[in-house]
Amino acid sequence: MERLSVWAPDGLPEIRPGDDLGALVAGLLAGLDDQDRPRDGDVVVVTSKIVSKAEGRVVAADDREAAITAETVRVVARRERPGQAPLRIVENKLGLVMAAAGVDASNTPEGTVLLLPVDPDASARTIRAALVQRLGLRRLGVVVTDTAGRPWRDALVDIAIGCAGIAPTDDLRGSTDSHGRPLNVTVTAVVDEIAAASELVRGKASGRAIAVVRGMAHHVTDDDGPGARVLVRGSADDLFREGSAEAYARGVADGRAARTDDRAGG
């Protein structure tokens with residue numbers, strides 16, 4: 001029998017720029033009772049919001065649109081909204097495709113918005129090092145999460161944007177299913193599933209910004225591992241990389257080039 005346990009402790013104070021987040025999280029977790037205190041093989045989940053606050057990724061709310069533009073590498077889709085700022089789905093500097101580049105106005109002091117951490121994998125490694133040292137553990141996973149929409153699906157889920165000490169995926173290719181058929185394409189996004197499970201107990205408005213997950217020890221690693229960056233799909237494998245305007249412009253350009261070639265050949 002497999003068992004997965006997830007819990008989200010209360011008591012983390014409001015995080016401010018410059019706070020030692022690893023020390024604060026370790027202090028909270030060390031104060032839990034024996035059953036709930038993290039053990040070797042557990043995974044600690046931390047929201048990107050508190051990471052961003054500790055790292056000073058806070059900007060004035062009236063600069064939100066400018067912040068979105070600054071964090072944008074490529075506009076995937078844009079929709080005008082009368083009386084409101086346009087809705088922009090973009091690829092940000094982390095390679096993530098998200099609404100508003102991940103710039104967030106929730107759970108942050110009035111008049112401010114939060115940018116995503118500069119390097120969530122590095123943030124996860126720093127937090128993991130602090131937790132391992134302060135809690136006296138050897139093997140511990142850390143996952144940094146953010147909330148995202150999904151193509152062709154309504155509603156939101158939490159995904160992993162950073163991780164350390166845990167294998168981000170479970171590659172089942174080459175194994176067989178319960179009927180003996182080979183699995184050729186199945187690679188499970190383990191850290192995304194952990195992120196989504198943790199949000200069920202953390203909630204969006206509860207003030208609980210961390211969670212502990214037990215039952216995933218077979219995915220926890222001795223070293224930091226490759227991080228969540230490996231989950232970002234490369235452009236060569238992205239069948240929907242171009243937005244409609246980009247695809248139209250390229251089609252027009254290709255058509256003009258073809259006509260020029262025809263005339264040159266004729």
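**Pairs, edges and cut-offs**

Reader: What makes you say that β5 and β6 pair?

Author: Bridges. β5 and β6 have three of them, in the antiparallel sense, and two strands pair once there are at least two bridges, so three is enough. One spot to look at is Glu 91, which stands opposite Val 97 in β6. Bear in mind that this is a predicted model.

Reader: And how do you know that β4 and β5 pair?

Author: Same test, at least two bridges. Seven bridges join β4 to β5 (residues 84–92), and the two run antiparallel, so the pair passes. Thr 72 stands opposite Asn 92 in β5, and Ala 77 stands opposite Ile 89.

Reader: Which residue takes a positive phi in the hairpin of β4 and β5?

Author: Gly 83, with a phi near 80°; that hairpin has two residues between the strands. In the hairpin of β5 and β6, with four residues between the strands, Gly 95 takes a positive phi near 90°.

Reader: Why is the sheet called open, and which are its edge strands?

Author: The three strands come in the order β4-β5-β6, with antiparallel pairing. β4 (72–81) and β6 (97–99) each pair on one side only, which makes them the edge strands. Neighbouring strands here are turned by 20° against each other on average, direction ignored.

Reader: What makes you say that helix α3 packs on the sheet?

Author: Contact, that is, heavy atoms within 4.5 Å. Helix α3 (residues 64–71) touches β4 and β5, and its direction makes about 20° with that of β5.

Reader: Why is Asp 121 called buried?

Author: Its relative accessible area is 7%, and buried means under 20%, so Asp 121 qualifies. The residue sits in helix α4 (residues 120–135). Leaving out residues up to four places away in sequence, Asp 121 touches Ile 161, Gly 162, Cys 163, Pro 226, Gly 227, Ala 228 and Arg 229. Take Pro 226: Asp 121 is 105 residues from it in sequence, but C-alpha to C-alpha the two are 8.4 Å apart.

Reader: How do you know whether Leu 239 is buried or exposed?

Author: Set 76% relative accessible area against the cut-off for exposed, over 50%, and Leu 239 is exposed. You'll find Leu 239 in the loop between β12 (210–214) and α6 (244–265).

Reader: What makes Trp 152, Leu 239 and Phe 240 a patch?

Author: Patch residues need over 30% relative accessible area, and nonpolar side chains are joined within 5 Å. Leu 239, at 76%, clears the area cut-off. Together with Trp 152 and Phe 240, Leu 239 forms a nonpolar patch on the surface, with about 480 Å² of accessible area for the three together.

Note on methods. Residues are numbered from 1 along each chain as its sequence is written. This is a predicted model: local features need pLDDT of at least 70, side-chain atom pairs count only at pLDDT 80 or more; totals for chains, interfaces and linings use all residues. Side-chain values use heavy atoms; hydrogens and water are left out. Patches are made of residues with over 30% relative accessible area and no salt bridge: like charges are joined within 9 Å, nonpolar side chains (Val, Leu, Ile, Met, Phe, Trp, Tyr) within 5 Å. Accessible areas come from the Shrake-Rupley method with a 1.4 Å probe; for residues, only the protein chains shown count as cover. A salt bridge is a side-chain nitrogen of Lys or Arg within 4 Å of a carboxyl oxygen of Asp or Glu. Buried means under 20% relative accessible area, exposed over 50%, partly exposed in between (1.4 Å probe, protein chains only). Axes are lines fitted to C-alpha atoms, for helices over the stretch in contact, and angles run from 0 to 180 degrees between N-to-C directions.
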